[in-house]
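Hi everyone, thanks for coming. Today I'd like to walk you through a ligand and the place where it sits, so please have a look at the model on the screen.

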Amino acid sequence: MKTVLITGASGNLGKAAVEKFTSEGYHIIATVSPGKALGFDVGNNVTTAAVDMSNEKDVESLINTISATQSIDAALLLVGGYASGSIKDTDEKALEKMFSLNFHTTYFAARAIFAQMTRQKQGGRIIFVGARPALSAQVGKSSLAYGLSKSLIFKLAEYLNAEGADQNIVSHVIVPSIIDTPQNRAAMPKANFSDWVKPEEIANAMVTLCSEGSSSFRETILKIYNRS
Ligand SMILES: NC(=O)c1ccc[n+]([C@@H]2O[C@H](COP(=O)([O-])OP(=O)(O)OC[C@H]3O[C@@H](n4cnc5c(N)ncnc54)[C@H](OP(=O)(O)O)[C@@H]3O)[C@@H](O)[C@H]2O)c1
């Protein structure tokens, strides 16, 4: 049975990913914030770990504990969050908040997981979540700190692909537009929700990227925009 580590598992995308990878027969290690629970029913193949993903030592310790008994075939690094604000609103505190939430949480996990994957004969797959503001200045100028923090995710994936190429360690970046979540519906009640992307569609894409049938895929940047 293959093991997938899913960070941010209690979130909108996390729930869809846990459910999809469970249905595909994976063993899931699902991380949640300390003191929090997944918040939905899962089967026996899901192990929950409470870790602050912005704490480097705690993240390393989690990955070392997992690695002592099993390999990590794939990792979905889903922790992240949005903040609006143009350059005039973005001071050091705003920058640091987004860098911690989007980049540090991802970097700490990726670093420890990558080290583990180099010790595995089969290598592994790491899936990152980017965002359109990092790719489009017209969109990103009004969520500057978010866009900057997410732009590093693309660069990190590129570096890890260069580093891991000989060992079958491949990083892909998923780029959703607006995900159809209760929070987005509440924030944009007049939008046409059917233009957005369902978390389940993104979860399907992540399963595909981790499957044997996609073993030749390299350095994918997968834009899942629907009509938004
Ligand atoms: N929603 C969108 O429209 C959209 C669009 C493009 C990209 N994305 C990206 O897609 C990813 C998932 O989005 P989502 O809508 O599923 O977000 P979400 O529902 O807010 O889920 C994020 C998850 O990360 C967890 N988390 C946050 N900080 C953490 C920390 N320090 N340690 C451990 N866990 C932490 C949260 O747990 P707690 O809340 O319990 O702390 C939550 O479960 C994010 O990277 C986001 O930037 C989202």
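Let's begin with asparagine 184: a polar atom of its side chain lies 2.9 Å from an oxygen atom of the ligand. Do keep in mind that this is a predicted model.

Next, find lysine 150. An N or O atom in its side chain is 2.9 Å from an oxygen atom of the ligand. With leucine 78, look at the backbone instead: an N or O atom there lies 3.1 Å from a ligand oxygen.

How much of the ligand does the protein bury? Taken alone, the ligand exposes 900 Å², and the protein buries 80% of that.

Now let's zoom out to the surroundings. The ligand is surrounded by 26 residues, and the closest are Ser10, Leu13, Ser33, Lys36 and Met53. Sorted by class, this shell holds 11 nonpolar, 12 polar and three charged residues.

So where does the ligand sit? You'll find it in the largest pocket. Three helices each give two or more residues to the shell around the ligand: H1 (12–23), H3 (92–118) and H5 (144–164).

Let's turn to the pocket itself. About 950 Å³ of space lies inside the largest pocket. The pocket is lined by 30 residues, and those closest to its centre are Gly81, Tyr82, Tyr146, Ile179 and Asn184. You've met Asn184 already, as the residue with a polar side-chain atom 2.9 Å from a ligand oxygen.

Which helices supply at least two residues each to this lining? They are H1, H5 and H6, the last of these spanning 182–187. As for class, the lining has 15 nonpolar, 13 polar and two charged residues.

That's my tour. Thanks for listening, and I'm happy to take questions!

Definitions and conventions. Residues numbered from 1 in each chain as written. Predicted model: local features only at pLDDT ≥ 70, side-chain atom pairs only at ≥ 80, totals over all residues. Heavy atoms only, no water. Near = heavy atom within 4 Å. Polar contact = N/O pair within 3.5 Å; in protein donor to acceptor, adjacent residues only side chain to side chain. Areas by Shrake-Rupley, 256 points an atom, 1.4 Å probe, with all protein chains shown as cover. 1 Å grid on protein atoms, 1.4 Å probe; cavity = no way out; pocket = protein on both sides within 12 Å on 5 of 7 lines; lining within 4 Å. Sits in = over half its atoms within 2 Å of the grid points. Helix = DSSP H or I, 4+ residues; strand = E, 2+ residues; numbered from the N terminus. Nonpolar A, V, L, I, M, F, W, Y, C, P; charged D, E, K, R; others polar. Points joined across faces, edges and corners; volume = space filled by probe spheres on them.
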